[in-house]
Amino acid sequence: MGSKEIITLMRLLEMSESRYTVGTFSFSNGLESASNINLIAKESTLQQYVMAVSRQVAYSDSIAAIQAYRAAADDDYDRILQADEEVIACKTNPESKEFTKRLGKKLAEESLCLMDCPMMERFLNDLINDITPGTYPIAQAILLYHTGVSEMEMFCSQQFGVINLILAAALKSVKVPGFDTQKIAYNLAPQAALDYSIIKHLDFSDMKAFIPYTELNASFHRNGSMMMAMN
């Protein structure tokens, strides 16, 4: 591995770390409320829940992000804006729309502190002026393309963020042992690989967002008193 590959890998790890200011973003999709009413109470149901959410992201946000990544490579800014609109169209609950726009803006702003990127500067200006929603997956695609991270590595970063944020929230709300959450993350890696082998061939018309199980959990959260974890 040469120095260029080491630099790229270091940046990928940096930007996949949820504790970092512009790291991977996700939220728990109402896990806390679902746990509170005993919909999720053990390792097996938690794994089903995490898989459902991670696949929902793969077949919505990740498809749009891959298209935006390729558009960035082709310097096709109009297609980037189209990808951004497709992401927000797939958000079916108010919190997910709010979070992805808030963190998209934050990522765009802070990435410009790291590097000179005219495309990101244009994207930030457009979201500030309400020309585009400015979603997190599209800001992430622009950033990771310009840092040399590959399309596949970007997908891995997204899956890492989704899975680990929910499992971190589960340590407090579901009360499963830490080893069990680690095992769930380990077990889901092959599914992520399979999903990427499929979605890399898909386009906007193939995006899917509605999963009754996770939407039900989000509705419990909206009508309940539990806080939803985000990072």
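**Exercise 1. Find how the span of helix α5 (residues 94-114) compares with the expected span.**

Solution. Start from the rule: the expected span is 1.5 Å times one less than the number of residues in the helix. Helices here are DSSP runs of H or I with at least four residues, and strands are runs of E with at least two, numbered from the N terminus. With 21 residues in α5, the span should be 30 Å. The end C-alpha atoms are 31 Å apart, which agrees.

A word on the input before going on. This is a predicted model, in which local features need pLDDT of at least 70 and side-chain atom pairs count only at pLDDT 80 or more, while totals for chains, interfaces and linings use all residues. Residues are numbered from 1 along each chain as its sequence is written, and side-chain values use heavy atoms, with hydrogens and water left out.

**Exercise 2. List the buried residues of α5, then describe its pair Lys 105 and Glu 109.**

Solution. First, fix the classes: buried is under 20% relative accessible area, exposed is over 50%, and partly exposed lies in between (1.4 Å probe, protein chains only). The buried residues of α5 are Glu 95, Ser 96, Phe 99, Thr 100, Leu 103, Gly 104, Leu 107, Ala 108 and Ser 111.

Next, take the pair. A salt bridge needs a side-chain nitrogen of Lys or Arg within 4 Å of a carboxyl oxygen of Asp or Glu. Lys 105 and Glu 109 form one, at 2.6 Å from N to O. They sit 4 residues apart in α5, about one turn of the helix. Lys 105 has 32% relative accessibility and so counts as partly exposed; Glu 109, at 33%, is partly exposed too.

**Exercise 3. Work out which parts of the chain are linked by the salt bridges of Arg 55 and Arg 79.**

Solution. Recall the general idea: side chains of opposite charge can pair when their charged atoms come close. The rule gives a count of 7 salt bridges.

- Arg 55 pairs with Asp 195, with the closest N and O atoms 3.0 Å apart. This pair links helix α3 (residues 43-73), which holds Arg 55, to helix α9 (residues 178-199), which holds Asp 195, across 140 residues.
- For burial, Arg 55 is partly exposed at 31%, whereas Asp 195 is buried at 1%.
- Arg 79 pairs with Asp 203, the closest N and O atoms being 2.9 Å apart. Arg 79 is in helix α4 (residues 77-89) and Asp 203 in the loop between α9 and α10, so parts 124 residues apart in sequence are tied together.
- Here Arg 79 is partly exposed at 22%, and Asp 203 is partly exposed at 31%.

**Exercise 4. Summarise the fold of the protein chain and say where confidence is lowest and highest.**

Solution. Count the elements: the chain has 10 helices and 0 strands. Of its 231 residues, 52% are buried. Now look at contacts, meaning heavy atoms within 4.5 Å. Among contacts with a separation of 6 or more, 79% come from residues 24 or more positions apart.

Last, check pLDDT, the predictor's confidence in each residue from 0 to 100. The chain averages 84, and 80% of the residues score at least 70. Confidence is lowest in helix α10 (residues 212-222), with a mean of 57, and highest in helix α6 (residues 118-128), at 98. Over residues 21-26 pLDDT stays under 50, and the model has 31 contacts beyond four places in sequence for them.
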